[in-house]
Amino acid sequence: MLEVEQLHFEDALEDSPHSRHLLLVFEKDAMMIKKYSQNMQNCCQRIMSAQNELCSATQSLAQLLRSYEHQDFPLEYGDSVLAITLRQFATFLDDISSVHQVLAQQFSETMIYPLNKFLQADMEEITTMHEMYKIASNEHEQSISKYMKQTIKKDDKDRVEINREIHANRKRFHQTALHYYSSLNALQFKKKCFLLEPIMGFLHAQRTCFQMGQDMMVKSDIEQFLGNIGSSVQEVHTELAKETQKTVEIIETIEKQSQHKYFAEPPPDMPFIPPNTNLSNITGYLFCRTKQVLLTAKWERLYFFTQGKFLMSQPKEEVIKNPEFAGSLVIDLSDEGIVVESCQIDDRRHTFQIVSSKKTVILQAENYRERDEWIATLNNIIREREFTKLAPAPSKKKDSSGQSTENISAASATQTGPNQSTVASISTTASSETLILDTPIQFDLISPSEENRAVSSPQSGPPKRVNPFDQASSIVLNPAFDNAAFSETFTTRFLGSMEVKGDRGEQLVHSTIRQIMAARAIHNVFKMTESLMVVSSEGMRLIDPSNNIVRVEFALQDISFWSAHPDNNRLFGFITRNRTLAAPGSADGKPSEADKNQNASPSFSCHVFESNTTAEDICQAISTATKVAFQALMAEDQYLGEKERPSTNTSSSSSSA
């Protein structure tokens, strides 16, 4: 299966700012493909129209093929197979640039026709779908605004009529968006065919029509190359046919499942869907009441989402103007005395308000179910924060040696005097799965210098570990890592790392992920360090893909827990036990007090990553690696036990003699 970036059909109806931004990337890629195809068409026209300029036109085409890898397409990374293939084609075109005769009819059938078909059929279809998508989107927005302006006292007949209008416009917008997404997704497959077929036709025509170039063109390597490319193109056609069938089935399924979403307010004949009151986060469009203009209030449709304890908003158009805009803070749900409840204002339906000691936010949903879900979810977040605040906070005191000690028992917390300073942090007396909010969050990995160890370069002596996670530099990398029985590699991006109180628990990992993502949004941290994560039965490594240098290595026995995020299948985290260098003992060889304290109070860190594949695959790989390592350890113990038995039997025989 070819790895092709695609738009998600499930996001077509919601039309979130993130979906709009991703759609903008695909539209930019389509425009660049169209421009590139037009340049290729111009080069081919030069070959047909100018027999005397065939050599220069062929050279221009070769240069154009080489320039593909420098076009910086948004959906292509590094040296793609298409770029390498076009580069090889350019080499062959340089070899035949000395031939000055051409048969215009053969060029027209084998080289110009596929390009014209691609530009006039496929690219024009995308242009037309783009205009239809804009029109459907505008009509959808207008009908929603018209519906939201309906007053409570408005005649039911008018409201039903407007509701039907929303149904028709929303269904038209959804269908147009699905077909537009399908065309853009199919373009990623088609460009791999229609950019290769004209060049294949050009080479076949040259070999057929030019007897003078027979010795130059009839070579085994060229025949093998063209055969491989032909097979690849046929595979792409097959994949495109399968993807088209799959797309049709997905569209039909999504349309059936989205019938109730086409209505702003579901009619009585549709099945009743109760609101979900157990959500811990929620996203969607709401109308927000802003500052008053003269005697009337202004209502604006914004995309709202919860980020930890914060309610954020994001205008749809802002993503197009500023792609790096992560959203604006609406209100902090952890404020004292905050209340979320329904209200009646401006004679509008399905309104509710968020009231705190600092501000009041008035919002409007499309129907009662969305309103109740928002109210229930926000109250769930508020209750969770209030429960966290009620947990006892650990106290920290300085001893005579200057080292910090913690007293986390509830009795000690109540006996803290006024002269003793306490540090606020989230903790509970019943579980160790807690976060240490006083600990700073590390958002970036420290890239090692070129002088550090590379995986592929030999080095005398044991390779040293780099130090992005404050690991001891004296700890060397595991030499048996490269010969591990099990190994898988994943592309990941580092989001953050912070110290935690416990060494296991899904809730602990999920809470750490939410806190790190909220901190990145609040502080506008967008940079992410990409690494190759190698999971093997000997441990885990993070490798810098630019220079193949090991950033950090974790032993399997140090990885205590791992889990994927339940709502985002690309986010995952794992907890590690932090190893520290042993303090020197006393003069008589006995362990010092520092050693005892260090062994009694281990520290743990939770590291959060985003993966290109699903996070479940990485978690499954870690589980498989630990299972293989455990089986190897058991086999080794069994082997050592069997090896010791003969020596024991021999000793017994000697004693008897």
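# Exercises on a predicted model

An open sheet of seven strands runs through this protein in the order 13-12-11-10-16-15-14, with antiparallel pairing. Keep in mind that the model is predicted. Let's work through it, starting with that sheet.

## Exercise 1: Walk across the sheet

Find the two edge strands of the seven-stranded sheet, and say what the twist from strand to strand averages.

Step 1. Look for strands that pair on one side only: these are strand 13 (549–554) and strand 14 (559–564).

Step 2. Now go from one strand to the next, and the twist averages 35°.

Step 3. Pick out one pairing on the way. Strand 11 (residues 529–536) and strand 12 (residues 539–544) run antiparallel and are joined by five bridges. Here methionine 533 has leucine 542 of strand 12 as its bridge partner.

Step 4. Check what lies across the sheet. Helix 12 (residues 506–522) lies across strand 10 (487–500), strand 14, strand 15 (571–577) and strand 16 (604–611). Its angle to strand 10 is about 80°.

## Exercise 2: Strand 16 and its partners

Work out how many residues of strand 16 are buried, and how many bridges strand 16 makes with strand 10 and with strand 15.

Step 1. Count the covered residues: eight of the eight in strand 16 are buried, so the strand is mostly covered, taking buried to mean under 20% relative accessible area.

Step 2. Split them by face. In a regular strand the side chains alternate between the two faces of the sheet. One side of strand 16 has Phe604, Cys606, Val608 and Glu610, the other has Ser605, His607, Phe609 and Ser611, and both faces are covered.

Step 3. Turn to the neighbours. Strand 10 and strand 16 pair in the antiparallel sense over eight bridges, and arginine 493 has glutamate 610 as its bridge partner in strand 16.

Step 4. Do it again with strand 15. Strand 15 and strand 16 are also antiparallel, with seven bridges; isoleucine 575 is matched with cysteine 606 of strand 16.

## Exercise 3: A strand with both faces covered

Decide how strand 3 (residues 310–314) sits in the structure: enclosed or open? Then trace its pairings with strand 2 and strand 4.

Step 1. Five of the five residues of strand 3 are buried, so the strand is largely enclosed by the rest of the structure.

Step 2. Sort them by side: Phe310, Met312 and Gln314 are on one, Leu311 and Ser313 on the other, and all are buried.

Step 3. Follow the pairing back to strand 2 (residues 296–307), which is antiparallel to strand 3 over five bridges. Tyrosine 303 stands opposite glutamine 314.

Step 4. Look at the hairpin between these two strands. Two residues separate the strands, and glycine 308 takes a positive phi near 65°.

Step 5. Follow the pairing on to strand 4 (residues 328–332): four bridges, again antiparallel. Methionine 312 has leucine 329 of strand 4 as its bridge partner.

## Exercise 4: Two residues of one helix

Take aspartate 29 and methionine 31: is each buried or exposed?

Step 1. Place them. Aspartate 29 lies in helix 1, and so does methionine 31, in residues 17–49.

Step 2. Aspartate 29 counts as buried because its relative accessibility is 0%, below the 20% cut-off.

Step 3. Methionine 31 counts as exposed because its relative accessibility is 54%, and the cut-off for that is over 50%.

Step 4. See what is around each one. Leaving out residues up to four places away in sequence, aspartate 29 touches Phe73, Pro74, Leu75, Gln188 and Lys191. The C-alpha atoms of methionine 31 and methionine 123 are 8.7 Å apart, with their positions 92 residues apart along the chain.

## Exercise 5: A helix pair

Describe how helix 6 (residues 197–209) meets helix 8 (residues 220–257).

Step 1. Their axes come within 11 Å and cross at roughly 145°, and the crossing is left-handed.

Step 2. List the contact. Helix 6 brings Glu197, Met200, Leu203, His204 and Arg207, while helix 8 brings Glu223, Leu226, Ile229, Gly230, Val233 and His237.

Step 3. Sort by class: five are nonpolar, three polar and three charged.

## Exercise 6: Zoom out

Say how much of the whole protein is buried and what share of its contacts is long in sequence.

Step 1. The protein has 657 residues, of which 43% count as buried.

Step 2. Among contacts with a separation of 6 or more, 70% join residues 24 or more positions apart.

Definitions and conventions. Residues are numbered from 1 along each chain as its sequence is written. Side-chain values use heavy atoms; hydrogens and water are left out. Buried means under 20% relative accessible area, exposed over 50%, partly exposed in between (1.4 Å probe, protein chains only). Contact means heavy atoms within 4.5 Å. Axes are lines fitted to C-alpha atoms, for helices over the stretch in contact, and angles run from 0 to 180 degrees between N-to-C directions. A crossing is left-handed if the near helix is turned anticlockwise from the far one by less than a right angle, and right-handed if clockwise. Ala, Val, Leu, Ile, Met, Phe, Trp, Tyr, Cys and Pro count as nonpolar, Asp, Glu, Lys and Arg as charged, and the others, Gly among them, as polar. Two strands pair if DSSP finds at least two bridges between them.
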